[in-house]
Amino acid sequence: MVCRIKFKTEKENEKVIDATNKVIMPGLINTHAHIAMSIFRGTFEGCNLYTWLSEKIWPIEDKLTEEDVYNASMISIIEMISTGTTCVNDHYFFSKTIREALEKANLRAVITRVLMDSVLIAYENEKENTLKKELKNLKNYMKQDVQKMT
């Protein structure tokens, strides 16, 4: 953190960084992320979005465990920190697990829960039950966050 800029230091224990010919900038903010999905990067190339999601990604995601999401999130967190990201807005499954990974890494974050009707296309025959389930999950998630913040 840059506390002040001056040419000479007065205290013996101050750490001085010579930033001559360097760029000093604030940390980057990743404003749209599904950080655990980094494990899918480069897979199933050449598919259109709907095919990629409905035939490739969603069936795999359906089998992911909390531990899978935690570990995949930690991989992404390490990558983000190493490239200057200091804050992320993430929305993915197992939000609580992702939050635990972010807290362990001390990375600032806004964690949100996905609720979208387009995902219901893949579950047309279960549309009503899926929507009710997702609304219930959202309410529980919000309740947990309020409890965590108080």
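Where is Ile-35 found? Ile-35 sits in the loop between strand 1 and helix 1, and a good part of this note comes back to that residue.

1. **What you're looking at.** This is a predicted model, where local features need pLDDT of at least 70, side-chain atom pairs count only at pLDDT 80 or more, and totals for chains, interfaces and linings use all residues. Residues are numbered from 1 along each chain as its sequence is written, and side-chain values use heavy atoms, with hydrogens and water left out.

2. **Overall layout.** The chain has four helices and three strands. Both kinds of element are DSSP runs numbered from the N terminus (helices: H or I, at least four residues; strands: E, at least two). Reading along the sequence gives β-α-α-β-α-β-α. Of the 150 residues, 26% count as buried, meaning under 20% relative accessible area with a 1.4 Å probe and protein chains only (exposed is over 50%, partly exposed in between). Of the contacts (heavy atoms within 4.5 Å) with a separation of 6 or more, 60% come from residues 24 or more positions apart.

3. **The sheet.** The three strands make an open sheet in the order 1-2-3, with parallel pairing; a pair needs at least two DSSP bridges. Strand 1 (28-33) and strand 3 (108-112) are at the edges with a single partner strand each, so one side of each has no neighbour in the sheet. Ignoring direction, neighbouring strands are turned by 10° against each other on average. Strand 1 and strand 2 (residues 85-91) run parallel and are joined by four bridges; Asn-30, for one, has Val-88 in strand 2 as its bridge partner. Helix 3 packs on this sheet, touching strand 2 and strand 3, and its direction makes about 180° with that of strand 3.

4. **Helix 2 against helix 3.** These two pack at an angle of about 40°, their axes 9 Å apart. The axes are lines fitted to C-alpha atoms, for helices over the stretch in contact, and angles run from 0 to 180 degrees between N-to-C directions. The crossing is right-handed, i.e. the near helix is turned clockwise from the far one by less than a right angle. On the helix 2 side the contact includes Tyr-70, Ser-73 and Ile-77, and on the helix 3 side it includes Ile-98, Ala-101 and Leu-102. The contact residues divide into nine nonpolar, two polar and three charged.

5. **The core.** The largest nonpolar core (buried Ala, Val, Leu, Ile, Met, Phe, Trp, Tyr and Cys joined through side-chain atoms within 4.5 Å) has 21 residues, and Ile-35, Ile-77, Val-88, Tyr-92, Ile-98 and Leu-102 have the most contacts inside it. Helix 1 (49-61), helix 2 and helix 3 (95-105) each give two or more residues, and helix 2 gives the most, with five.

6. **Back to Ile-35.** At a relative accessible area of 4%, Ile-35 is buried. Leaving out residues up to four places away in sequence, Ile-35 touches Ser-73, Ile-77, Val-88, Ile-98 and Leu-102, among others. His-91 is 56 residues from Ile-35 in sequence, but their C-alpha atoms are 8.1 Å apart in space.

7. **Two helix 2 residues.** Ser-73 lies in helix 2 (residues 66-82) and counts as buried because its relative accessibility is 0%. With the same sequence neighbours left out, Ser-73 touches Ile-35, Ala-36, Ile-98 and Ala-101. Ile-77 touches Ile-35, Ala-101, Leu-102, Ala-105 and Leu-107, again not counting residues up to four places away.

Definitions and conventions: Ala, Val, Leu, Ile, Met, Phe, Trp, Tyr, Cys and Pro count as nonpolar, Asp, Glu, Lys and Arg as charged, and the others, Gly among them, as polar.
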